[in-house]
Protein chains: 2
Amino acid sequence: MAAQHPHPATSLRDVAARAGVSVGTVSNVLNHPTKVSAQTAERVFAAIEELGFVRNEAARQLRQGRSRSVGLIVLDIRNPFFTDVAQGVEDEVTARLRSVLLANCAEDAARESAYLDLFEEQRVDGVLISPVGDVLDRLDRLRSRGMAVVLVDRLASTESYSSVSVDDVLGGRLAVAHLLETGRRRILFVGASTEIEQVRDRLEGARQAVAECAGATLEYREIAGMHLEPALAEGQRIVALPPDERPDAVFAANDLIAIGMLQAFTLGGVSTPQDVALIGYDDIEYAAAAAIPLSSIRQPSREMGRRAAEMLLAEIESGSDGERQHIVFEPELVARASTLG
Amino acid sequence: MAAQHPHPATSLRDVAARAGVSVGTVSNVLNHPTKVSAQTAERVFAAIEELGFVRNEAARQLRQGRSRSVGLIVLDIRNPFFTDVAQGVEDEVTARLRSVLLANCAEDAARESAYLDLFEEQRVDGVLISPVGDVLDRLDRLRSRGMAVVLVDRLASTESYSSVSVDDVLGGRLAVAHLLETGRRRILFVGASTEIEQVRDRLEGARQAVAECAGATLEYREIAGMHLEPALAEGQRIVALPPDERPDAVFAANDLIAIGMLQAFTLGGVSTPQDVALIGYDDIEYAAAAAIPLSSIRQPSREMGRRAAEMLLAEIESGSDGERQHIVFEPELVARASTLG
DNA sequence: TTCCGCGTTTGAATCGTTTCAATTAACCTG
DNA sequence: CAGGTTAATTGAAACGATTCAAACGCGGAA
């Protein structure tokens, strides 16, 4: 069918022929303009225009051995925290004329692994990742192939890779200390699995805060995922409890969980913060707009993405043998009606 | 520096040497396993394993002239509606063993154009796009180069491209009809620029509904973007009005706007829905969880992404000369407390 | 024994760039 | 005007896969 190969793809060779120069010159016009005389360049540009030539990135990549792109594997694209991080990464990377391959692993180690394969086949220059599964071996391999790697928000304790993270233990402490200060004593922490580093750290912070306050107790409940729906179910469980068995405050491992629980509370007639105070984590945009404006622990999400990308690009440009850097941001308490009032 | 080229990148040739076969055979093992005897295949796999060989996608692409990837340009990655669409696309595309290049144009025609360039250079097999700027010429060119194109949610009236969209006029009608039925008469529609097709259509639907109701009025206010912040400002303006000059209902062009306005109302002591009823559009996850659960117009976002990807893949596989399809979904009213009550 | 056919395997050609040593042209300088 | 320098340009050799016509080996039929 003719329509399948309409223009048989114009290449540098065609442009060269049209402009009456060699392919090397056309390539120079595109990549080393200073090496080419003005009138030649002009002729070449005219030919490019007339033929509608567009450089074949695959060929370029093959020859150069670099791809000018970086891969970003995000834990959950539906969580606004991560889209903010991604936005920060994109800002920085595109400003430096590279492109981002954005992949969503949805907290699934299999998908994460598949995307790492993809990135490896694509020969990306660098990878930004918040590891889900056991990927350190894979990352070592990527690095030994010359790719830069920066860890985002997880496994930041791994000395051998640069990382950007937030002090989640501190964040957990801040959250629970705030609950305690506002008079709460029976604290419930809700998260999905302590296998998740963030959950573990925030819980540890919570423990530390509780330990410093006589008479305070901390309980931990595990739900099926860091998302609205499983949190809603957990909220309903709490609503169904006799009032005196309920916690008087809930610390949710992220804002999505908090919002889900708040929804259950509101529907179930448990009033916040009078009956149960509630604090989340991440301070996503929607936290302030929730049924009861949600207290939360703020992380500088976009800035984290920006800095991570910055470090990655530096590593790409300097080769992999520079110093490893570990940037640790400090979280910040944002108190709103769900704990005050 | 040695660390820069640690493994000088093992290629098919190395694998072939190690396994004692020719490069053609190794390629066949990977791409046409039936042509190769079992024991040869085994030896080759062993060599691949030992050398840690990973296929160079750029070379493969160059030779084959296809990239096995599709590009998706999303209007605003921070809007949950679009991440849902993207998720649907990804589900479908990865199930068919291709990858998605996800790009966020942030409602900016320049970025959109830059990403189209990128996709063209990458020779993606197909493009999914919700056009922002004037890109039909560009799309024609992509198609003439053999790339498939499917329009998502915008310009669906363009006969020459397959598309997935929602009947936004109907959506606008549903929203406003609902407001009128619940006794509202002075309706304010808030959107960012009628240059945006969705805004225009939803407004048109609103007009139609108002026209059918004696005594009802419709006003239109333009804000700086389809996001929380500009909506918050507009909300504050309304709060500042003398009560008798306020609208008695607001129809927001999307849920983010609605949430922003709700925030302003709540802070400013304007009660919803008593003083001002409020309805949004998209029915994002957070709508139900807002301060006052938000009425909205639901679009089947994920399904839209899935179907769009399905059509695109079909076009890629069949060549570009099949029938164009135009899938139009019907929106659905979801009434919650922000209009009831 | 020869020949045919079939299943495997081979290796050169190819995709479209970039790179780089070599060439040419042009201009100074003494 | 020869010799030297610089600036432009050339063209062939990669890069690493896929493809495909040709060669090979082997068993069975004649």
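These questions and answers deal with a predicted model and ask what lies around its DNA strands and its cavities.

Q: What makes Leu12(A) a residue near DNA strand C?
A: A residue is near a strand if one of its heavy atoms lies within 4 Å of it. Leu12(A) is among the closest of the 24 residues that surround DNA strand C, together with Phe53(A), Arg60(A), Arg63(A) and Thr40(B). Leu12(A) therefore counts as near DNA strand C. Of the atoms of DNA strand C that come within 4 Å of the protein, sugar and phosphate account for 66%.

Q: Why is the pair formed by Ser27(A) and DNA strand C called a polar contact?
A: The limit for a pair of N or O atoms is 3.5 Å. A polar atom in the side chain of Ser27(A) lies 2.9 Å from a phosphate oxygen of DNA strand C, so the pair is a polar contact.

Q: How do you know that Arg63(A) and Arg63(B) make polar contacts with bases of DNA strand C?
A: A polar side-chain atom of Arg63(A) is 2.6 Å from a base oxygen of this strand. For Arg63(B), the distance from a polar side-chain atom to a base oxygen is 2.9 Å. Both values are within 3.5 Å, so both pairs count as polar contacts.

Q: Which helix gives the most to the surface near DNA strand C?
A: α4(A) does, with 4 residues. At least two residues each come from α2 (23–31) and α4 (57–64) of chain A and from α2 (23–31) and α4 (57–64) of chain B.

Q: What makes Arg63(B) one of the charged residues near DNA strand D?
A: Arg is counted as charged, along with Asp, Glu and Lys. Arg63(B) is among the closest of the 25 residues around DNA strand D, so it belongs to the charged class there. In total, the surface near DNA strand D has 7 nonpolar, 13 polar and 5 charged residues.

Q: How do you know that Ser22(A), Ser27(B) and Asn56(B) make polar contacts with DNA strand D?
A: A polar backbone atom of Ser22(A) is 2.9 Å from a phosphate oxygen of DNA strand D. In Ser27(B), a side-chain N or O atom is 2.8 Å from a phosphate oxygen of this strand. For Asn56(B), a backbone N or O atom is 3.2 Å from a phosphate oxygen of the strand. Each distance is within 3.5 Å, so each pair is a polar contact.

Q: Why is the largest empty space in the protein called a cavity?
A: A cavity is a set of points where a 1.4 Å probe fits but cannot get out. The search finds 10 cavities of 30 Å³ or more, and the largest holds about 140 Å³. Of its 13 lining residues, the closest to the centre are Leu102(A), Asn104(A), Ala86(B), Glu90(B) and Leu102(B). α5(B) gives the most to this lining, with 4 residues.

Q: What makes Glu90(A) the charged residue in the lining of the second largest cavity?
A: Glu counts as charged, and Glu90(A) is among the residues that line this cavity. The lining has 7 nonpolar, 2 polar and 1 charged residues, so Glu90(A) is that charged residue. The volume of the second largest cavity is about 110 Å³.

Note on methods:
Residues are numbered from 1 along each chain as its sequence is written. Chains are lettered from A and ligands numbered from 1 in the order in which they are written. This is a predicted model: local features need pLDDT of at least 70, side-chain atom pairs count only at pLDDT 80 or more; totals for chains, interfaces and linings use all residues. Side-chain values use heavy atoms; hydrogens and water are left out. A polar contact is a pair of N or O atoms within 3.5 Å; within protein, one must be able to donate a hydrogen and the other to accept it, and residues adjacent in sequence count only if both atoms are side-chain atoms. On a 1 Å grid over the protein atoms alone, a cavity is a set of points where a 1.4 Å probe fits but cannot get out, and a pocket is an open set with protein on both sides within 12 Å along at least five of seven lines; lining residues have an atom within 4 Å of a point. Grid points are joined across faces, edges and corners, and a volume is the space filled by probe spheres set on the points.
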